[in-house]
Protein chains: 4
Amino acid sequence: MEKETGRIEGFSDGVFAIGITLLVLDLHVPELKEGMNGTALWRELSAQWPGYMAFVISFFSIFIVWVSHHKLFKQIYRRNTGLMFANGLILFLVTCVSFPTNLLARFYHSEAQQLSITLYTGLFVLMNLSFNLLWFLASRDRSLLRPDIDDQSILEIRNTYLYGMPTYFAAFALSFFWPNTALLLCILLWVYWAFSSGKLQMKRRRRVKAAL
Amino acid sequence: MEKETGRIEGFSDGVFAIGITLLVLDLHVPELKEGMNGTALWRELSAQWPGYMAFVISFFSIFIVWVSHHKLFKQIYRRNTGLMFANGLILFLVTCVSFPTNLLARFYHSEAQQLSITLYTGLFVLMNLSFNLLWFLASRDRSLLRPDIDDQSILEIRNTYLYGMPTYFAAFALSFFWPNTALLLCILLWVYWAFSSGKLQMKRRRRVKAAL
Amino acid sequence: MEKETGRIEGFSDGVFAIGITLLVLDLHVPELKEGMNGTALWRELSAQWPGYMAFVISFFSIFIVWVSHHKLFKQIYRRNTGLMFANGLILFLVTCVSFPTNLLARFYHSEAQQLSITLYTGLFVLMNLSFNLLWFLASRDRSLLRPDIDDQSILEIRNTYLYGMPTYFAAFALSFFWPNTALLLCILLWVYWAFSSGKLQMKRRRRVKAAL
Amino acid sequence: MEKETGRIEGFSDGVFAIGITLLVLDLHVPELKEGMNGTALWRELSAQWPGYMAFVISFFSIFIVWVSHHKLFKQIYRRNTGLMFANGLILFLVTCVSFPTNLLARFYHSEAQQLSITLYTGLFVLMNLSFNLLWFLASRDRSLLRPDIDDQSILEIRNTYLYGMPTYFAAFALSFFWPNTALLLCILLWVYWAFSSGKLQMKRRRRVKAAL
């Protein structure tokens, strides 16, 4: 059976690629002032570290979301309207990332730090919910999936997103009281995902080998 | 017969993806002021709701236009000059969307509200006309279409765009007198399209099943 | 023989798509002033017509350049370093378009009109030269081209770009004395290209039919 | 064996294409002042030459990086997590290029020139390291590579990136004392790469012919 979702993936890749690249527009080049020398420029650039932090976190967040999207769509062969719009929701949230990133960069050093982190973690709660929705809609109708997919793999993918949910909610809740801990939790989750994605693959390979 | 329109679709997807992602650049991050706390930031962010509204409406408008474009080009296998330029016109309008979106966001709360909504709905009248033109040019010459397409499907597609026309014109006309109603009509039309696209598919499947 | 240039086309399409979509960022949304009503907004928007003109001309210029690129690369099956960098030059110029477009929009109504039009037409002289270079490099080595291409088609393509050269140079020269005529000449050339591209196809088809 | 890396290449091409096209946003169109004529505009445009220089250097840097990426991925057929994230690192750096380019354009004519060039060359040191990492991870596990690749080609590719490393480090070190020499060294390295890429291909072809 031929994969029918090529153009959806192409369009999604475009949105991911643009969303991830636009983030750099949020980094501000200091103004050139009278008699500004290297030391002064370095001081101004260093003072912008929350901007770099927000940029780096958001870049790799979108990248990991893209890796997830990539893996998910390797299992999806056909599309229906629900799938199209669940995917649209994910793309919408990817597009949005730049806005709370900007907020975080600008208000990290202000009294509004907590709010900016709450909005930031809140966006990733929504992102997780959209992925759960997408996989729920896809796995409900087996005719949409790769013909040779087994129940075990469907469950494994479901669990990846389902287990992420309480963690994202926890980060969101924490952000009201300990914003920096909440942000750290999000970063740790992404590091975990990056590594666990490798482990899952290996497990699958071992299972395949065992089956042979 | 091989599909000849792959690169047209790739390029179009690029324009759609960028057009839809650039919209976020119109959301303004409030300036950091002396002693600004979470409450003050929240108040400033809330006051920007017409900007979010315009962003959300335009995002899903372009998304639905892309879904339409995707469906249309699944039926188109070859290209001629007319088709190229009708498609160019659609891409031009997609690119434009960000401008009236910006106008709508900025002038929704002003005396120029009516004009900004009129321009916004006017753009989608032109979009509908371009889609009608594209399908007219494509269906006029059967050698451009998928070899196994039937007359019924050609007609169905034509009707989808043709029936949209009076509604868009109505929204445009309404916008002069009841701008908010006009905007609401546009949104309802997109919701209708999102759902009807599913129903059309189902109808087609039922027809296929009946034919077997 | 398999086409080897898929990824070059994909990357080029990306640059074209972004170059063409970024143009809209040059349209300025008027500032919201105290008591600004529909009439005042309309007046401000109307006063920006050189911006819309520059936007429309540049959009369709890039679009026609893309159509050309698309046609050229349908004949190119393999790549070498020269081809890569001639293509890089074209992409560089596509990326640049937004800058003279902006100049044209801003200085059309000023004493610097002539300079802005000269720079604008100058860019398209360079664009034409790059296309001539690309086709020269591609057609010099038949092993890069589509295996079944005939000499007549190679010549036809060469002539299309070669005949454009004096016209672009004429527009550039004219721009020093009659800038508006130069701009008009460019537009007419694009209209001519849009239509002639169709005629060329038909000629080729007739030739194919005659050969059968 | 089917190539598994198509979507990674597509996404990467998107990021490259956007990164390379966004550079133009850093060129500033002079403000329209009272009685500004062609001479005045020309003077203002000419004064911006460091901006054009930075734009041109960065455009072709990203382009050469893309050519490298393209060549590398022609040899890579399968992916693992390490590869995904090494590629993510390259894309991150590509995205970043616009920031030091902007710094270079703005501070080239100031006392902070040295710092801006140091940061600029520093970015390309990181870029070189990422490519070395990517190829190290890919070549360590032959099952990821094109099935018919020979040891000689693997070594050749490794050497290309390995030999670049001391040169980039030299440029970075030089930038502290002779910033312009460092910048020139970077440009020369790109010119060398552009040409050597051609020679490598020819060598490989000769080897193939000799083997036949």
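The paragraphs below go through a predicted model, beginning with how its chains are arranged and ending with a single residue.

Start with two of the copies. Two copies of a chain are related by a rotation about an axis and a shift along it. For chain A and chain D, the rotation is a turn of 90° and the shift along the axis is 0.0 Å, and this lays chain A on chain D with an RMSD of 0.0 Å. The two copies are therefore related as by a four-fold rotation axis. To find this axis from chain A, look for Gly14(A): its C-alpha is the one in chain A nearest the axis, at 4.3 Å. The two copies use different surfaces, since 7% of the contact residues of chain A recur in chain D.

Which chains do not touch? Chain A and chain C do not, and neither do chain B and chain D. The nearest C-alpha atoms of chain A and chain C are 9 Å apart. For chain B and chain D, the distance between the nearest C-alpha atoms is also given as 9 Å.

Chain B and chain A, in contrast, are in contact, with 44 residues of chain B meeting 32 residues of chain A. About 3,400 Å² of area is buried between these two chains, and carbon and sulfur atoms give 75% of it. The interface also has charged and polar pairs. Two salt bridges are counted between chain B and chain A. In a salt bridge between Arg7(A) and Asp13(B), the side chains meet at 2.6 Å, N to O. Four residue pairs are found in polar contact across the interface of chain B and chain A, both residues being at pLDDT 80 or more.

Which helices of chain B supply at least two residues each to the side that touches chain A? They are helix H1 (6–22), helix H2 (38–47), helix H3 (49–74) and helix H8 (179–211). The largest share, 14 residues, comes from H3(B). Sorted by class, this side of chain B has 26 nonpolar, 12 polar and six charged residues.

The last stop is inside chain C. Ser175(C) lies in the loop that joins helix H7 (151–174) to helix H8 (179–211) of that chain. Is Ser175(C) buried or exposed? Its relative accessibility is 0%, so Ser175(C) counts as buried. What is Ser175(C) in contact with, leaving aside its neighbours within four places in sequence? The residues are Gln114(C), Ile117(C), Thr118(C), Thr121(C) and Ala182(C).

Note on methods. Residues are numbered from 1 along each chain as its sequence is written. Chains are lettered from A and ligands numbered from 1 in the order in which they are written. This is a predicted model: local features need pLDDT of at least 70, side-chain atom pairs count only at pLDDT 80 or more; totals for chains, interfaces and linings use all residues. Side-chain values use heavy atoms; hydrogens and water are left out. Copies are superposed by least squares on the C-alpha atoms of residues with pLDDT of at least 70 in both. Contact means heavy atoms within 4.5 Å. Buried area is the accessible area (1.4 Å probe) that two parts lose on being put together, summed over both. A salt bridge is a side-chain nitrogen of Lys or Arg within 4 Å of a carboxyl oxygen of Asp or Glu. A polar contact is a pair of N or O atoms within 3.5 Å; within protein, one must be able to donate a hydrogen and the other to accept it, and residues adjacent in sequence count only if both atoms are side-chain atoms. Helices (H or I, at least four residues) and strands (E, at least two) are DSSP runs, numbered from the N terminus. Ala, Val, Leu, Ile, Met, Phe, Trp, Tyr, Cys and Pro count as nonpolar, Asp, Glu, Lys and Arg as charged, and the others, Gly among them, as polar. Buried means under 20% relative accessible area, exposed over 50%, partly exposed in between (1.4 Å probe, protein chains only).
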